[in-house]
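User: I am new to reading protein models. Could you take a close look at one part, the helix packing, and then show me what lies around the rest of the chain?

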Amino acid sequence: MTDSPNVLFILSDQHRFCSMPGVDGCEVLAPNLERLQRAGTTFTNCFSNYPVCAPARGMLMSGRWPSDTGVVNNLSELEPSSGSLAEIFARDGYQTCFIGKWHLHAGPPETIDGNDRYLPQGPGRHGFERMNVWTETNRHWDSVRYEEETGAAVRTRGYNATLMTDEALQFLGERDPTRPFFLFLSLNPPHPPLDDAPPDCLALYSDRSLSVRQNVPEALSSGAKLVPAGAHRNQVTMTLQEQLGQYYAHISAVDKEIGRLLSALEELDELANTLVVYSSDHGDMLGSQGKLRKGAFY
């Protein structure tokens, strides 16, 4: 244990605040997120002021507006600069590690959802000493990760949130215990497609009728289908009620990974000395105001 607190920052993708435990009308099952809420602070007045993946992540990493960085859409790249989030921690002697969906450098055009390419050692890592970048992460099963040292692309086997958490646990076991760490774990769920959550998490909602927000039009609540431009495959065929169950299932899956991390920190006697932050880059409309997906400022 070090004198300075460790920082574990867990970022999911497209998890809206009103689908957090304890929010009125939300029936998501997430005991580990509830544990974090009981032990800490919930920021109820915190907003994603650019509700699209790359711009939101660019602001988080740089502390600057998209108009300053040029990261204004999901094909933009965050250029190296002084003062990035990881660089600030590194200057204070922290071990810095990033694992998961970076989504601030365009990936190879031939890949599925190719938002990321391999980032070699150097300024392109924005201060992260260790960087395990994944691509094709919207493919929640059997995604592609890059070997940290060589950049070789490796097709994985399994649910990517679990495999990314495995890498985070490996880092915790290998780190230098005499230095504090800043570990940034970037998970993809509950980002669509929604119909591929782990079976045990899907089973939590299979026989339940879930509440919808009061600002969802009656037609959608009653089973009409809304197919927005760029919809993922299951949004074309599923009702809002079905989508909500799938969405919650992915949140429950993320919650299980949070539980594994908290247990590991307890076993390492580091939990009391670690600031654990959970957030998301933006939310999902999920029928509110008659809309689906992201990019709206509601």
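Analyst: Here is a walk through the helix packing, followed by the aromatic rings, the cysteines and some backbone details.

Keep in mind that this is a predicted model. Start with a general point. Two packed helices are described by the angle between their axes and the distance between the axes.

Take helix H9, residues 240-267, and helix H5, residues 160-174. They pack at an angle of about 10°, and their axes are 10 Å apart. Angles under 35 degrees count as roughly parallel, so H5 and H9 are roughly parallel to each other. Which residues of H5 and H9 meet? From H5 come Ala 161, Thr 162, Thr 165, Asp 166, Ala 168, Leu 169 and Leu 172. From H9 come Glu 257, Arg 260, Leu 261, Ala 264 and Leu 265. By class, this contact of H5 with H9 has seven nonpolar, two polar and three charged residues.

H9 also packs with helix H1, residues 31-39. Here the angle is about 60° and the axes are 7 Å apart. H1 and H9 are therefore oblique to each other. On the H1 side, the contact is made by Pro 31, Asn 32, Leu 33, Arg 35 and Leu 36. On the H9 side, it is made by Ile 251, Asp 255, Lys 256, Ile 258, Gly 259, Leu 262 and Glu 266. The contact of H1 with H9 divides into six nonpolar, two polar and four charged residues.

Now the aromatic rings. The whole structure holds 13 aromatic pairs. One of them joins Phe 89 and Phe 182. This pair is stacked, with 4.2 Å from centre to centre and 10° between the planes. Phe 89 sits in helix H4 (residues 85-91) and Phe 182 in strand S6 (residues 181-186), so the pair ties together parts that are 93 residues apart in sequence. Both Phe 89 and Phe 182 are buried. They also belong to one aromatic cluster, together with Phe 9, Tyr 94, Phe 98, Trp 102, Phe 128 and Phe 184.

What about cysteines? A search of the whole structure finds zero disulfides. For Cys 53, the nearest cysteine sulfur is that of Cys 46, 16 Å away. A disulfide needs sulfur atoms within 2.5 Å. Cys 53 is buried, at 1% relative accessible area. Cys 97 is buried too, at 0% relative accessibility.

Next, helix H3 and the loop before it. Gly 63 lies in the loop between helix H2 (53-62) and H3. Is Gly 63 buried or exposed? At 67% relative accessibility, Gly 63 counts as exposed. Its C-alpha is 8.4 Å from that of Gly 83, a residue 20 places away in sequence. Thr 69, in H3 (residues 66-69), is buried, at 13% relative accessible area. Beyond its neighbours within four places in sequence, Thr 69 is in contact with Ser 62, Arg 64 and Leu 78.

Last, the backbone. Most residues other than glycine have a negative phi, and most peptide bonds are trans. The bond joining Pro 189 and Pro 190 is cis, with omega about 10°. The bond from Pro 192 to Pro 193 is also cis, with omega near 10°. Pro 190 is in the loop between S6 and helix H6 (199-202), and Pro 193 is in the loop between S6 and H6 as well. Asp 142 has a positive phi near 60°. This residue is partly exposed, at 22% relative accessible area. Leu 286 has a positive phi of about 45°, and Leu 286 is buried, at 3% relative accessibility.

How values were computed: Residues numbered from 1 in each chain as written. Predicted model: local features only at pLDDT ≥ 70, side-chain atom pairs only at ≥ 80, totals over all residues. Heavy atoms only, no water. Axes fitted to C-alpha atoms, helices over the stretch in contact; angles between N-to-C directions. Helix = DSSP H or I, 4+ residues; strand = E, 2+ residues; numbered from the N terminus. Parallel < 35°, antiparallel > 145°, perpendicular 65-115°, else oblique. Contact = heavy atoms within 4.5 Å. Nonpolar A, V, L, I, M, F, W, Y, C, P; charged D, E, K, R; others polar. Buried < 20%, exposed > 50% of the residue type's maximum accessible area, 1.4 Å probe, protein only. Phe/Tyr/Trp six-rings, centres within 6.5 Å; stacked < 30°, edge-to-face > 60°.
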